[in-house]
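Work through the exercises below with the model open. Each task is followed by a solution in steps.

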Amino acid sequence: MAKAFFRLQKFLRRIQFLLFFLTAAYLMAGSLLLLQRTRLVLQQGSRGTPSNQALPMPEEMSRVGMAEPRSLQNPRLLVGMDALQEPALGQQHSPHWLMSRNSELRQLRRRWFHRFSSDQEPLQTAGFKAMKHTAEHKGTYMGCFTHDSRERTLKGAVFYDLRKMTVGHCQEACAERAYSYAGLAFGAECYCGNTLPAAAAKAEECSSECKGEKGSVCGGLNRLSVYSVEQLRAGARPLRRNVIYRGCFRAPENLTDTFPASLIQPNLTVEMCSEFCSKKEFPLAVIRGQECYCGYPTRHFSLREGTDGRRCSGSHNASSAAGGDYCLVYQTPVQDTRCTDRKFLTTKSKVFVALSSFPGAGNTWARHLIEHATGYYTGSYYFDGALYNKGFKGEKDHWRSRRTICVKTHESGKTEIEMFDSAILLIRNPYKSLMAEFNRKYAGHLGYATDLNWKSKEWPDFVNSYASWWASHVLEWLKYGKRLLVVHYEELKQSLIPTLKEMVEFLNVTVTEDRLLCVENNRDGNFKRSGAKQKNFEPFTQEMKDLINRYILTVDEALKGRNFSGLPREYVPR
């Protein structure tokens, strides 16, 4: 018995030593792997990686909502791509080969680290770019007031900064736009307006701490901390660019019935009419001769059919605008609030819907339109801090929660596609998509890649890798998607309301005409690049064009084979 006990004791000692050795080996291997990965990142940076790019993140973390898989590594890191099995020339652009090659490319991409897409975007909201932090708390505090996101009292501009909102940010943003009051809610939302809210609340109900300023109060749940910013307006330069010329339109038959507010003023100017309508908190300023009218787009005045500007005397000077049948229309800084209220679904959706697209195809813009049309948040297969920071609150919700109206995805594998019951498949011209994604990759959601980026080896590698992905993304969704609505970005842009109606009906949501008109009035959202940056060279070589054109023809044929309309004519090479 003693001998057996001694053997057991000896065996356990060996096990302890073995466990200690394995633990030490595990820690040492982990340290070596960490050092190797760090060296890879440093080497990548030393080769010219722009300083504003985020550090990579392992793919495993992306699956738990930390990083966005479309934030792919530099194409030059796709070592081994040349070693992919290339088929015979006649089979290179068949649907089967495209999907097979895309699967191989996707596996290669996922072996490398992914970047935080939120770090690519500077942490700033629209309107806060030129602000200084020197005017903290200079406005007069007016008190705590009730706040209803559907029937807002402060109906002017709205800003979100879910990480760095401060009282000073909000005050300066509203002062620069010539508003009288600035209100803060939920610790991160800023509202501007010219009318003080009527319903006061208890001071202690405004208890949310500002996200970017410890110790400061930024409203609360359905509560506004309101400041008067009159004294700041004298030193703030009004932003004239916030008054947008919408065009020349035929005037409605009865202007006074169509528009709630009006003004008759000799020598009327655009500034006078715009300021009058802004103070009345209307998004449209309409000028006919010496008459100024304020209101919203309606069924009787939808702004869909403009006319030749020469009918309005060809001038933006109101005093010279012709009276009678035509009028000039301007967009004021006041936001149309008839479609800005959004929420999560009150009950879990029975139908799991994807909003699928290739990166750079306008998915974020489509989400903006869907959220404002339906009043429900959209979700995401990934997490993008820059989008969350701009008000896409569904970005942080788990993508399988079914609390959102649809879920953004760029995935195209069989397993990922079959998880969804139905999908809106958004397709954009590959030339435009590739350029948009390349811009986002190197300059964030709103910036542009530099000429140095376009002329580097990065660009041809990017096209060779991503062009096939554009095609195989569509082909795989056509093959494995259970119920599809195909939407072309160009048609959505050109015929917004009819196409958006199709999308909303596909999502089984009923919306009013006024809400759709509001969406049309707020169509751009916060992620529209300012203009098209003109390049003095053609980024696509003839070899690239030949490659992309073959993919276009393949996708066009596949769409028609599934009884969908083919690609728009502007896609198809001539």
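A salt bridge is a side-chain nitrogen of Lys or Arg within 4 Å of a carboxyl oxygen of Asp or Glu. The model is predicted, so local features need pLDDT of at least 70 and side-chain atom pairs count only at pLDDT 80 or more, while totals for chains, interfaces and linings use all residues. Residues are numbered from 1 along each chain as its sequence is written, and side-chain values use heavy atoms, with hydrogens and water left out.

**Exercise 1.** Find which parts lysine 501 and glutamate 513 tie together.

Step 1. The side chains of lysine 501 and glutamate 513 form a salt bridge at 3.7 Å, N to O.
Step 2. Lysine 501 belongs to helix H16 (residues 496-506) and glutamate 513 to helix H17 (residues 513-521), so the pair ties together parts that are 12 residues apart in sequence. Helices here are DSSP runs (H or I, at least four residues), and strands are runs of E of at least two, numbered from the N terminus.
Step 3. Lysine 501 is partly exposed, at 34% relative accessible area, and glutamate 513 is partly exposed at 26%. Buried means under 20%, exposed over 50%, and partly exposed in between (1.4 Å probe, protein chains only).

**Exercise 2.** Place the salt bridge between glutamate 418 and lysine 414.

Step 1. The N to O distance of this pair is 3.2 Å.
Step 2. Glutamate 418 and lysine 414 are 4 residues apart in helix H11 (residues 414-418), and about one helical turn separates them.
Step 3. Both side chains belong to partly exposed residues: glutamate 418 has a relative accessible area of 34%, and lysine 414 has 42%.

**Exercise 3.** Describe helix H9 and the contact made by arginine 367.

Step 1. Helix H9 (residues 363-374) has 12 residues and reaches 16 Å from its first C-alpha to its last, close to the 16 Å expected. The expected span is 1.5 Å times one less than the number of residues.
Step 2. Of the 12 residues of H9, 12 are buried, so the helix is largely enclosed by the rest of the structure. Among them are Trp365, Arg367 and His368.
Step 3. Arginine 367 meets glutamate 395 in a salt bridge of 2.9 Å, N to O. Glutamate 395 sits in the loop between helix H10 (385-389) and strand S17 (407-409), so the pair ties together parts that are 28 residues apart in sequence.
Step 4. Arginine 367 and glutamate 395 are both buried.
Step 5. Glycine 375 follows H9 and has a positive phi, near 85°.

**Exercise 4.** How many salt bridges are counted, and which residues are linked in a network?

Step 1. The count comes to 16 salt bridges.
Step 2. Asp336, Arg338 and Asp514 are linked in a network of salt bridges.
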